[in-house]
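Ready for some practice in reading a structure? Take a look at the model below, then work through the exercises one step at a time.

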Amino acid sequence: MSIRIFDALEELYEAAATAVVRLANDAVAARGRFLLALSGGGTPLPLFGRLAQPPHLGKLPWEQTHVFWVDERLVPPDDEESNFGQAWSVLLRHVPVPREQIHAVPGTAAPAAAVDAYAKELAALASPGLDWPRFDLVLLGLGADGHTGSLFPGATQDLPEDAPVVAVQAGYGGRPASRVTLTPAAINSAREAIFLVVGKSKAQALTRALTPGAGTGEVPARLIRPPNGSLTWFVDKEAASLLDDRPAASGHRQRNSPKGDPHD
Ligand code: 6PG
């Protein structure tokens, strides 16, 4: 695991966009396609905006990219709370990803039907030994309560190990409560997971996610530990403001600042 702390949001989003371009091209060179899972929320939107514009736009292998969602709120795609809708308007409608390679959760379906439909969509691109694809990159956010995807505190005990997607009910920040989410098993099979965490309101949750103490039931972001993949946290200095200066328990920490000394 590594943690990259940025003084400026511009730098954070530029570094994240550069990482996406690198991972996408590496995936296409190695396997002929790039399997990307997006999260909702406000944090990834500036990244999506960058990817839709030069120079990143022209450096991404859009024709070989498949887009999935880590989670979705069960609302129509044109609802402003739809994760698909947000990604569509900021990113996907501006880039040449073939429409059939956009694998959205049907937001207007009932929960069980949405799970079923999305599981089938995932199964169609399953990796050997799994009922779902090994994502090349999963982009994740962090809630102020420690959730990620739609894996919420107090609701992680019955998550299946052998299924990629479940329906959940969870209130957070006035957002739609009926949701569908990838399971930790599906997320953790990824080759790369990147958390984007920005702002003071995330400082406490980030500290709890990165330091021993809280359990995974209290801070579900701690469930994300890809055993055969990499995990990187891109955080801004506000979100990092409560982290102490010691390296995180099990990883590399780097301060991305002209003044800061990168240290292990
Ligand atoms: C969702 C998300 C969710 C999100 C966090 C952070 O659909 O709600 O995927 O896990 O990433 O709630 O949201 P913000 O980026 O808006 O803080």
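**Exercise 1.** Find the residues that line the largest cavity of this predicted model, and sort them by class.

*Solution.* Start with the names: the lining is made up of Val 20, Phe 34, Leu 36, Leu 51, Leu 60, Trp 62, Thr 65 and Leu 91. Next, sort them: 7 are nonpolar, 1 is polar and none is charged. Thr 65 is the polar one, because Val, Leu, Phe and Trp count as nonpolar. Finally, look at the space itself: the largest cavity holds about 40 Å³. With a threshold of 30 Å³ or more, the count is 1 cavity.

**Exercise 2.** Now turn to the ligand: where does the ligand sit, and which classes of residue form the shell around the ligand?

*Solution.* First, the place: you will find the ligand in the largest pocket. Then, the neighbours: the ligand is surrounded by 17 residues, and the closest are Thr 43, Asp 71, Gly 149, Arg 175 and Lys 202. Last, the classes: this shell has 10 polar, 5 charged and 2 nonpolar residues.

**Exercise 3.** Check which polar atoms of the protein pair with oxygen atoms of the ligand, using a cut-off of 3.5 Å.

*Solution.* Begin with Asp 71: one of its polar side-chain atoms is 2.6 Å from a ligand oxygen. Gly 149 uses a polar backbone atom, which lies 2.6 Å from an oxygen atom of the ligand. For Arg 179, a side-chain N or O atom is 3.2 Å from a ligand oxygen. To finish, consider the surface: the ligand alone exposes 410 Å², and the protein buries 95% of that.

Key. Residues are numbered from 1 along each chain as its sequence is written. This is a predicted model: local features need pLDDT of at least 70, side-chain atom pairs count only at pLDDT 80 or more; totals for chains, interfaces and linings use all residues. Side-chain values use heavy atoms; hydrogens and water are left out. A residue is near a molecule or strand if one of its heavy atoms lies within 4 Å of it. A polar contact is a pair of N or O atoms within 3.5 Å; within protein, one must be able to donate a hydrogen and the other to accept it, and residues adjacent in sequence count only if both atoms are side-chain atoms. Accessible areas come from the Shrake-Rupley method with a 1.4 Å probe; for residues, only the protein chains shown count as cover. On a 1 Å grid over the protein atoms alone, a cavity is a set of points where a 1.4 Å probe fits but cannot get out, and a pocket is an open set with protein on both sides within 12 Å along at least five of seven lines; lining residues have an atom within 4 Å of a point. A molecule sits in a cavity or pocket if more than half of its atoms lie within 2 Å of its grid points. Grid points are joined across faces, edges and corners, and a volume is the space filled by probe spheres set on the points.
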